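Work through the following exercises with the coordinates open, and compare each step with the solution given.

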2 protein chains.
Amino acid sequence: SPLQDIECAINQEYSIHCKRDENANEVYVPFSFLRQYFDVSGAVTTGGSSGSEAAKFNWMHSNAKVNLPKGKYDPRGVFMYFENYNVEVRDRVKCISAAEGVPVSTQWEKRGYFYPTQIAQFALAHYSKNLTEQTPRIHILEDADSNQMEWNTPKTSNMTRIWHHKFNTSIVQFETTIGYESAISIQLNQTQDLVLSVDLLLVTNSSSLMVTVLNRDTKHSYNLHYLAAELLLSVQESNIYYGLGAGSLNKWRHITRDLHIDLQKGIVMGDKRSPLKVRRSDLEVLSIAFLGIGFYDNITLSTSDHLAHFYDAAEWFVHNQDMKTGGWTNPVRRSLNGFAELRPGWISAMGQGHAISVLARAYWHSGGDMRYLKAASLGLQPYRIYSRDGGVLAQFMDKYYWYEEYPTTPASYVLNGFIYSLLGLYDLNSTAPGKIAREAGKLFAQGMHSLKKMLLLYDTGSGTSYDLRHLSLGVAPNLARWDYHATHVNQLLLLATIDSDPLIAQTAERWKGYMFGKRAKHN
Amino acid sequence: SPLQDIECAINQEYSIHCKRDENANEVYVPFSFLRQYFDVSGAVTTGGSSGSEAAKFNWMHSNAKVNLPKGKYDPRGVFMYFENYNVEVRDRVKCISAAEGVPVSTQWEKRGYFYPTQIAQFALAHYSKNLTEQTPRIHILEDADSNQMEWNTPKTSNMTRIWHHKFNTSIVQFETTIGYESAISIQLNQTQDLVLSVDLLLVTNSSSLMVTVLNRDTKHSYNLHYLAAELLLSVQESNIYYGLGAGSLNKWRHITRDLHIDLQKGIVMGDKRSPLKVRRSDLEVLSIAFLGIGFYDNITLSTSDHLAHFYDAAEWFVHNQDMKTGGWTNPVRRSLNGFAELRPGWISAMGQGHAISVLARAYWHSGGDMRYLKAASLGLQPYRIYSRDGGVLAQFMDKYYWYEEYPTTPASYVLNGFIYSLLGLYDLNSTAPGKIAREAGKLFAQGMHSLKKMLLLYDTGSGTSYDLRHLSLGVAPNLARWDYHATHVNQLLLLATIDSDPLIAQTAERWKGYMFGKRAKHN
Ligand SMILES: [Ca+2]
Ligand SMILES: [Ca+2]
């Protein structure tokens with residue numbers, strides 16, 4: 001029997017159109033209403049490769065994904081499931097600084113700034129990808145030794161392979177006039193392997209490296225310029241300029257650039273309204289050229305060079321730490337609704353923890369480079385200083401110590417940031433020697449104690465809250481959207497591999513169930 | 001266009017049958033699924049007195065009811081919205097004890113016991129009804145003075161009106177042999193006014209008062225016997241026996257009985273499987289009879305006698321207080337899932353608070369009867385004693401004092417019971433003189449401070465939790481079902497009339513919104 005129309009009064013407040021099957025004593029409610037009312041997802045799909053199977057409606061309580069740990073968490077191994085992260089492609093990453101080799105964020109300030117948490121995620125993603133991805137293909141284009149190419153050298157220019165006594169290898173010396181027609185260059189038709197690596201020393205500030213890349217889809221080509229200049233990113237039509245920093249003159253630099261990322265960020269910069277989205281597989285490297293006066297060696301194009309990115313970031317943390325406080329400061333204002341604004345210079349426990357996770361891995365992977373260990377150790381300091389005194393420490397109900405992702409007044413107790421701050425401590429405890437390990441271990445134990453006592457404060461019976469601002473400010477709970485909730489679950493699943501307290505594993509399981517609509521019971 | 005059938009996969013776990021309107025790009029989900037999945041309610045109604053209007057589906061996020069306070073809460077007035085309570089009709093009330101005039105609970109022990117919280121609710125309901133209902137109709141049947149009836153007096157029996165010097169009024173003296181045929185009696189045909197009141201003194205333990213009541217619907221009549229015996233309730237076919245207590249002999253007792261309740265509870269006792277539900281409007285009092293040796297005066301039948309019930313309960317609290325601890329003890333085991341079992345003799349902050357609310361009103365209403373004040377004052381003691389030491393006091397995170405409805409180990413922090421315990425303190429603070437008012441006021445202020453600091457712990461963003469067992473035990477939150485959630489809302493709305501902190505009123509409004517599906521925002 002056909003269904004009848006029936007008006008449905010929602011809580012006596014407003015009406016929607018429903019359908020009724022009077023015989024079956026059933027009322028049917030439109031999903032478009034349910035989607036908004038309950039914040040659930042769903043879509044009609046047709047199965048089979050040809051779409052020949054019957055249409056089906058997929059009701060998804062949550063679209064977020066749970067990542068099951070593959071084994072016991074190893075501080076020398078993959079960081080959580082960060083092998084899935086692609087920090088540099090995010091919209092809120094303006095570009096990868098050519099001077100530093102780390103991402104520049106626009107999340108809270110449009111002009112761009114170095115955001116320690118993001119830089120660390122970039123590092124941890126690349127460290128993890130290095131462990132999980134296939135060994136990259138590496139094309140050595142020119143090393144002035146066994147791999148040499150035919151460089152197109154205009155008359156007024158000069159290129160010579162010379163022996164470098166200190167490096168104990170041959171390098172290329174070049175000298176050209178100003179103007180791109182005088183550049184020395186090689187022609188290529190390289191696809192897929194788009195990560196350029198080169199050892200480079202520029203002598204004058206009008207010297208540069210230029211890479212020409214073709215978008216085979218649009219037939220449009222772009223010039224990526226890497227200059228010895230104090231410049232982040234600048235675009236003029238098809239020319240995209242990255243600065244290597246004013247301090248880069250007459251210094252050997254090992255530069256690793258993902259040309260796809262550099263191109264895409266340049267395109268966005270040049271057309272903020274509707275930037276073209278470039279597919280990696282459409283790109284082809286047409287040429288590499290040098291201009292001005294300088295030296296180079298070891299030009300490669302690879303599918304990836306994750307460790308290079310990782311170490312670029314590790315170096316950033318070594319060189320950008322406040323030596324007095326041990327903090328990696330955030331140079332932007334941060335306003336959390338209801339809290340006093342954080343002024344530029346604030347420190348995040350999440351940033352500290354992430355940085356320590358990076359540095360602990362760098363210390364271990366480098367075979368014991370003490371610079372990384374020292375920076376990591378100094379990075380513990382803010383964990384012991386209250387937020388009001390410039391640190392990241394809070395205390396819940398005068399009882400439990402908490403490391404604050406945002407050192408707000410009053411405290412905000414963001415859960416996921418706290419757990420990341422604990423992972424940093426765990427990583428250092430597991431990799432550092434003696435006293436530093438013990439210091440990190442003590443802070444970790446203190447935090448885990450708080451976590452176990454406070455974890456259930458975040459449990460709403462059908463999801464989690466992102467922080468405890470409702471308790472600090474007396475306002476509505478700031479519920480975690482599903483992807484943050486999934487982060488909570490993923491973090492607990494990981495912690496359960498290193499802490500056998502059943503509270504962790506049981507809570508993780510229950511919270512996972514919430515993602516499938518399995519609410520806690522009511523009385 | 002007709003709707004098509006479409007399979008709907010719920011979270012990739014199981015499938016249900018939905019309907020699809022392909023043209024409108026809409027999928028319709030059966031409400032029978034939504035009811036269970038989201039715990040919402042709904043029903044088809046047809047409007048108009050004749051059912052002639054179009055059918056309509058009423059979606060109800062919650063079936064519970066919010067009670068808006070009519071004005072500032074007055075400790076001398078109605079207790080919350082308890083004028084709507086009908087404690088004695090509840091299934092878990094076995095009967096009203098004829099010895100005490102208060103309900104006997106079977107909630108946690110089938111044989112029946114005195115449950116202070118329930119007795120107080122009974123008292124507060126009647127106190128409130130007395131203020132909100134119409135003045136009752138009172139039929140004075142016999143006062144041996146201006147109202148006299150023709151009593152049917154068998155030959156072997158005797159009834160005389162005599163002057164009682166001490167009472168300064170005439171009373172009836174009666175003497176009959178054993179056997180109901182010798183009883184002195186009056187015939188009546190009284191409907192509607194079913195609350196019997198009498199001053200009675202029985203001299204021998206074979207003496208009794210018997211009331212015959214007809215169910216005009218079934219044409220069946222019942223004899224309600226009130227005996228001078230240690231007996232709660234006993235039934236033999238149509239004879240229902242209530243005991244006035246062994247100690248009732250040779251003592252004047254003022255007895256107030258709701259004959260409808262006494263009859264209904266007797267019927268349930270006689271047929272537990274499928275007891276007849278008797279309508280009040282179907283009942284007719286056919287006769288009142290006395291047997292044995294005794295005296296009586298002031299027989300009345302009224303529509304109600306709320307104050308009599310109220311004072312019966314107030315007296316119960318005066319006579320059933322543990323003089324050492326100040327507690328009204330619960331003589332039953334109480335097991336809360338996950339907590340150590342409470343052993344018989346435990347005290348409830350809710351019971352204490354409710355009792356104090358009763359006694360404060362009795363003190364005020366009686367014009368200052370010190371017995372009520374003393375009992376109320378002594379009832380404060382358990383508020384200062386930790387649960388582990390026999391009191392009801394807990395401390396949250398070593399910081400905030402809490403009065404426990406259930407003095408569990410670890411603490412359970414039941415919210416609604418705590419707020420009721422505060423109302424008792426407020427009532428005593430408002431009605432008692434000097435030092436006692438100050439003591440109650442201090443405990444109230446301490447509790448309100450905790451409430452404000454802890455209130456948001458119960459806020460799940462879409463409802464409330466009933467207690468904090470998730471924090472104490474590390475388990476799933478014990479979500480409040482909608483009627484408990486409504487109680488939370490009602491309590492906050494009431495508190496907002498006596499405490500101007502916006503936290504109370506704002507939280508009440510938000511929690512009210514949850515009942516209409518208005519969730520807190522996610523980030
Ligand atoms: Ca070389
Ligand atoms: Ca009289």
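**Exercise 1: a metal site**

Determine the geometry of the site of the calcium ion (ligand 2) in this predicted model from the angles among its donor atoms.

Solution. The six donor atoms of the calcium ion (ligand 2) make angles of 49 to 166°. Six donors count as octahedral if opposite donors are over 155 degrees apart and all others between 65 and 115, and the site, with its angle of 49°, is therefore irregular. The protein donors lie 2.3 to 2.8 Å from the ion and are B:Asp143 (O), B:Asp145 (OD), B:Thr169 (OG1), B:Ser170 (O) and B:Asp297, which is listed with OD twice. Along the sequence, these donor residues follow the spacing D-x1-D-x23-T-S-x126-D. As to accessibility, B:Asp143 is buried, with a relative accessible area of 10%, whereas B:Asp145 is partly exposed at 31%.

**Exercise 2: a helix**

Check the span of helix 10 (residues 482–496) of chain A, and find what its buried residues pack against.

Solution. At 1.5 Å a residue, the 15 residues should span 21 Å, and because the end C-alpha atoms are 21 Å apart, the two values agree. Helix 10 of chain A is mostly covered, with 12 of its 15 residues buried, among them A:Trp482, A:His485 and A:Asn490. The buried residues pack against helix 7 (415–431), helix 8 (434–454) and helix 11 (502–514) of chain A.

**Exercise 3: two chains**

Identify the relation between chain A and chain B.

Solution. A turn of 180° and a shift of 0.1 Å along the axis lay chain B on chain A with an RMSD of 0.1 Å, which is the relation of a two-fold axis. In chain B, B:Thr460 comes closest to the rotation axis, at 2.2 Å (C-alpha). Since 100% of the interface residues of chain B are also interface residues in chain A, the copies meet through the same surface.

Conventions: Residues are numbered from 1 along each chain as its sequence is written. Chains are lettered from A and ligands numbered from 1 in the order in which they are written. This is a predicted model: local features need pLDDT of at least 70, side-chain atom pairs count only at pLDDT 80 or more; totals for chains, interfaces and linings use all residues. Side-chain values use heavy atoms; hydrogens and water are left out. Donors are N, O and S atoms within 2.8 Å of the metal (3.2 Å for Na, K and Ca); water is not among the atoms, so sites may look incomplete. Four donors count as tetrahedral if all angles lie between 85 and 135 degrees; four count as square planar and six as octahedral if opposite donors are over 155 degrees apart and all others between 65 and 115; anything else is irregular. Buried means under 20% relative accessible area, exposed over 50%, partly exposed in between (1.4 Å probe, protein chains only). Helices (H or I, at least four residues) and strands (E, at least two) are DSSP runs, numbered from the N terminus. The expected span of a helix is 1.5 Å times one less than its number of residues. Contact means heavy atoms within 4.5 Å. Copies are superposed by least squares on the C-alpha atoms of residues with pLDDT of at least 70 in both.
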